[in-house]
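Please examine the sequence and the structure shown below. The explanation that follows leads from single residues to the nonpolar cores and then to the charged pairs.

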Amino acid sequence: MQPTLSTSLLDYAGQSSPGRKRSHNEDALLCSPAQGLWAIADGMGGHQCGEVASSLALAALQQSIEAGETLDTAVQQANQAVLGAAVDDGMGTTLVAAHFNGADFKLAWVGDSRAYLVTANGIEQLTRDHSWVQMMIDAGELQPADAQNHAWRSIILRCLGREAPLEAGAGSGTLKAGELLLLCSDGLTNELTDAQIHASCTFADTLESLVEQLIDQANEHGGRDNISCIVIGRTAPPPAAESRGRRFINMLFKTLKS
């Protein structure tokens, strides 16, 4: 069943950058508002292999959703697509995806690509990394403040393209007016703290300028990896006289800044 957006309006912006240290970009973005589907995949396995894995995963994910499958099933089919194309064990990809039905959304993730809920009061990580540093944090062996710059911060324990069936993370929620859902690869979160991300969200003028600002800041802080982010916002439908434009940022950020 296709998502219904008659009682709410979703707007979005997405952007990806290779960063400052890498010559190619293995991240891939999927923005399909007609399906209520947004996703980021961070490919691994070197030039071409990582790009192939991330692109294949998102293509399979979208095709599955188009066929009416649930997000959970779509993630499994994306995993099968990467497994089928892999020439060795080094090819894989992380994934974070949001599927909306109206203002309600389902989340699925594998690896360390993340989803955040941003409100006027703060920022909340909705996903939990499948990574070595997160495992150490959970075991009480590592402090969260030390994880961001840890030498092993990029070691992930789960990804698409390694095994089937795949155990993906899952969550759900409702996006309220004046809130933002942020999807991002670890190239953003390895460079910026949650507080820095929240500050950018509260001072940007548009969703487009927000993603540009986040990527610019990540590059300014080193840009050691590919950087990708998608932001999704919601508010009540504008009056008919304003409906020609899909921007509602003035209302959104008036709420965030109040």
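**Buried sites, cores and charged pairs**

T202 has a relative accessible area of 11% and is therefore buried, the limit for that class being under 20%. In this predicted model, T202 belongs to helix α6, which covers residues 194-203. Its side chain reaches the backbone oxygen of A199 at 2.9 Å. P165 offers a second site to examine, in the loop between α4 (144-147) and β9 (169-174). With a relative accessibility of 68%, P165 counts as exposed. The C-alpha atom of P165 is separated by 7.0 Å from that of Q76, although these positions lie 89 residues apart along the chain.

The nonpolar interior comes next. The largest nonpolar core has 23 residues, and those touching the most other members are A39, L58, L61, L71, V75, L95 and L160. At least two residues of this core come from each of β2 (27-32), β3 (37-44), α1 (49-66), α2 (71-85), β5 (95-101) and β6 (104-110). The largest contribution, 6 residues, is that of α1. For L71, leaving aside neighbours within four places in sequence, the contacts include L37, L61, I65, A97 and L107. A second core, separate from this one, has 20 residues, among them V118, I215, C229 and V231.

Charged residues complete the picture. The structure holds 4 salt bridges. In one of them, the side chains of R22 and D225 meet at 3.2 Å, N to O. This pair links distant parts of the chain, 203 residues apart: R22 is in the loop between β1 (9-17) and β2, and D225 is in the loop between α7 (207-220) and β11 (227-235). R22 counts as partly exposed at 37% relative accessibility, whereas D225 counts as buried at 12%.

D42, in strand β3, is buried yet has no salt bridge. The nearest side chain of opposite charge is that of R22, 6.1 Å away; D42 therefore forms no salt bridge with R22, since such a bridge requires a side-chain nitrogen within 4 Å of a carboxyl oxygen. Beyond its neighbours within four places in sequence, D42 is in contact with residues including E26, T94, S185 and D225.

Another salt bridge joins R224 to E191, with the closest N and O atoms 2.8 Å apart. R224 is in the loop between α7 and β11, and E191 is in the loop between α5 (186-189) and α6, 33 residues apart. R224 counts as partly exposed at 32% relative accessibility, while E191 is buried at 7%.

Terms used: Residues numbered from 1 in each chain as written. Predicted model: local features only at pLDDT ≥ 70, side-chain atom pairs only at ≥ 80, totals over all residues. Heavy atoms only, no water. Core = buried A, V, L, I, M, F, W, Y, C linked by side-chain atoms within 4.5 Å. Buried < 20%, exposed > 50% of the residue type's maximum accessible area, 1.4 Å probe, protein only. Helix = DSSP H or I, 4+ residues; strand = E, 2+ residues; numbered from the N terminus. Contact = heavy atoms within 4.5 Å. Polar contact = N/O pair within 3.5 Å; in protein donor to acceptor, adjacent residues only side chain to side chain. Lys, Arg positive; Asp, Glu negative; His and termini not counted.
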